[in-house]
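Thanks for coming. I will go through one structure today, moving from the aromatic residues to the charged ones. Please have the sequence and the coordinates open.

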Amino acid sequence: MFAAEKLLNSSRQAVIATDDTEAIVFVNHAAEELYGWSAAAVLGKRLSEVLILSDPLAAESLFEALRAGRSWSGTQRSGPLDGTPSVVLLTGSPLPAENGNAGGFAVFATLLDQFELPKIAAEEELRNERTQIREIMKIACIAEWRWRIDSDAIEGMPELWDILKLDASPGLTLIDLLARFIHPDDRERVSEAFYRTRSENLPLDIELRLRTNGDTDLVLNMRGYSVMDSAGKTTGLSGVLQDVTERRQLESRLLQAERVSSLGRLAASVAHEFNNVLMGIQPFVDLLNRRAGADPTVAVAAPRIADAVARGKRIT
């Protein structure tokens, strides 16, 4: 037995390791004791078949993270010990391979003391609330942003770059944003708004257009406030940004529809009034036709007037 395996077997923390096919290749003594397994029974099986989490979403999150080469942590409630309410703290980490690709992963499990359960529950509830808030913000196309005065850097969560349709570049500055991406007609207004919020400590509330690689500019609503240090010095701005492009497009289409509707009502009103004028002419045309035989000029003019009235009716 290798020294590393001896060390892992002496650990009180359960350790499970897999290869790149997710087949279990190692289980230490603590894992056998915690889950009631025997190494011989689980070796070669896929981890997802053996490690059953009580929360399906947590299980899905765990395996997605590990397959993507990311670390993961969470809890497993109603743990493996029969008749004993328990919570197991789980952490997973990808294992490197010689070629630099994922070579499997390791999961570490620790049975938490009962005194730690309220703290773990509170932390888990807080994480869930934060996840829900981020999901709501994502649906509403809202993202947090921060601007640091000392570095002129703009920072934010991944959702910010998704909304801006820009790469999450750590080097993006306000100057870059103004010069390269913000619509030329909005640059001075945005710059003045940032300066006013920074110098006068006024709330930032501005709508701007952002140039993208697409055919349509993004319309963004940016709100924020000054951030100060303990000495009362402004160190930057922080706030939220919302993509209102679709809303503004809908408002524009609604306004256009209202204009067309107004034009239609106007046209119908004019047509009605014009038709009333024609109907006033028609009786006199009939009177002229009855006298057309006595006057050749009337005989020529009356049919032409009648044709003009008929054409006017067709137009209305």
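Is Trp37 buried or exposed? Trp37 is buried, at a relative accessible area of 16%. Before going further, I should say that this is a predicted model, so please read what follows as computed from that model.

Now the overall picture. The protein has 316 residues, and 32% of them count as buried. The secondary structure consists of 11 helices and 10 strands. The exposed surface comes to about 20100 Å², with 55% of it supplied by carbon and sulfur atoms. If you take contacts between residues at least 6 apart in sequence, 39% of them join residues at least 24 apart.

Back to the rings. The search of the whole structure gives three aromatic pairs. One of them is Tyr35 with Trp37: the ring centres are 4.7 Å apart and the planes stand at 15 degrees, so this pair counts as stacked. The cut-off for stacked is under 30 degrees. Tyr35 is buried as well, with a relative accessible area of 12%.

Another pair is Trp145 with Phe194, and this one is tilted, with 5.8 Å from centre to centre and 40 degrees between the planes. Which parts of the chain does it connect? Trp145 is in strand S6 and Phe194 is in helix H9, residues 184–200, so the pair ties together parts that are 49 residues apart in sequence. Both Trp145 and Phe194 are buried. Ring pairs also bring in Trp147, giving a cluster of Trp145, Trp147 and Phe194.

Trp147 takes us to the next residue, Asp152, since Trp147 is among the contacts of Asp152. Asp152 sits in the loop between strand S6, residues 142–148, and strand S7, residues 154–155. What is the nearest side chain of opposite charge to Asp152? It is Arg198, at 7.4 Å, and Asp152 is buried yet has no salt bridge. The cut-off for a salt bridge is 4 Å. What the side chain of Asp152 does have is a polar atom 3.3 Å from the backbone nitrogen of Ile175. Setting aside neighbours within four places in sequence, the contacts of Asp152 are Trp147, Leu172, Thr173, Leu174 and Ile175.

On to the salt bridges. How many does the structure hold? There are 10. I will show a few of them.

First on my list, Arg67 and Glu22, whose side chains meet at 2.5 Å, N to O. Arg67 belongs to helix H5, residues 56–67, while Glu22 is in the loop between strand S1 (14–18) and strand S2 (24–27), so this bridge ties together parts that are 45 residues apart in sequence. The two partners fall into separate burial classes: Glu22 is buried, at a relative accessible area of 8%, whereas Arg67 is partly exposed, at 48%. Arg46 joins them, and Glu22, Arg46 and Arg67 are linked in a network of salt bridges.

Next, Glu155 and Arg146. The closest N and O atoms of this salt bridge are 3.8 Å apart. Glu155 is partly exposed, with a relative accessible area of 25%, and Arg146 is also partly exposed, at 31%.

Then Asp217 and Arg211, a salt bridge with its closest N and O atoms 3.4 Å apart. Asp217 counts as partly exposed at 22% relative accessibility; the cut-off for buried is under 20%. Arg211 is partly exposed too, at 37%.

One polar residue to finish. Where does Asn221 lie? Asn221 is in strand S9, residues 218–228. Why does Asn221 count as buried? Because its relative accessibility is 15%, and the cut-off is under 20%. The side chain of Asn221 makes a polar contact of 3.3 Å with the side chain of Arg223. Leaving out neighbours within four places in sequence, Asn221 touches Asp205, Ile206 and Glu207, and also Val240, Leu241, Gln242 and Val244.

To put two of these next to each other: Asp152 is buried and has no salt bridge, while Glu22 is buried and belongs to a network of salt bridges with Arg46 and Arg67. That is what I have for today.

How values were computed: Residues numbered from 1 in each chain as written. Predicted model: local features only at pLDDT ≥ 70, side-chain atom pairs only at ≥ 80, totals over all residues. Heavy atoms only, no water. Helix = DSSP H or I, 4+ residues; strand = E, 2+ residues; numbered from the N terminus. Buried < 20%, exposed > 50% of the residue type's maximum accessible area, 1.4 Å probe, protein only. Lys, Arg positive; Asp, Glu negative; His and termini not counted. Polar contact = N/O pair within 3.5 Å; in protein donor to acceptor, adjacent residues only side chain to side chain. Contact = heavy atoms within 4.5 Å. Phe/Tyr/Trp six-rings, centres within 6.5 Å; stacked < 30°, edge-to-face > 60°. Areas by Shrake-Rupley, 256 points an atom, 1.4 Å probe, with all protein chains shown as cover.
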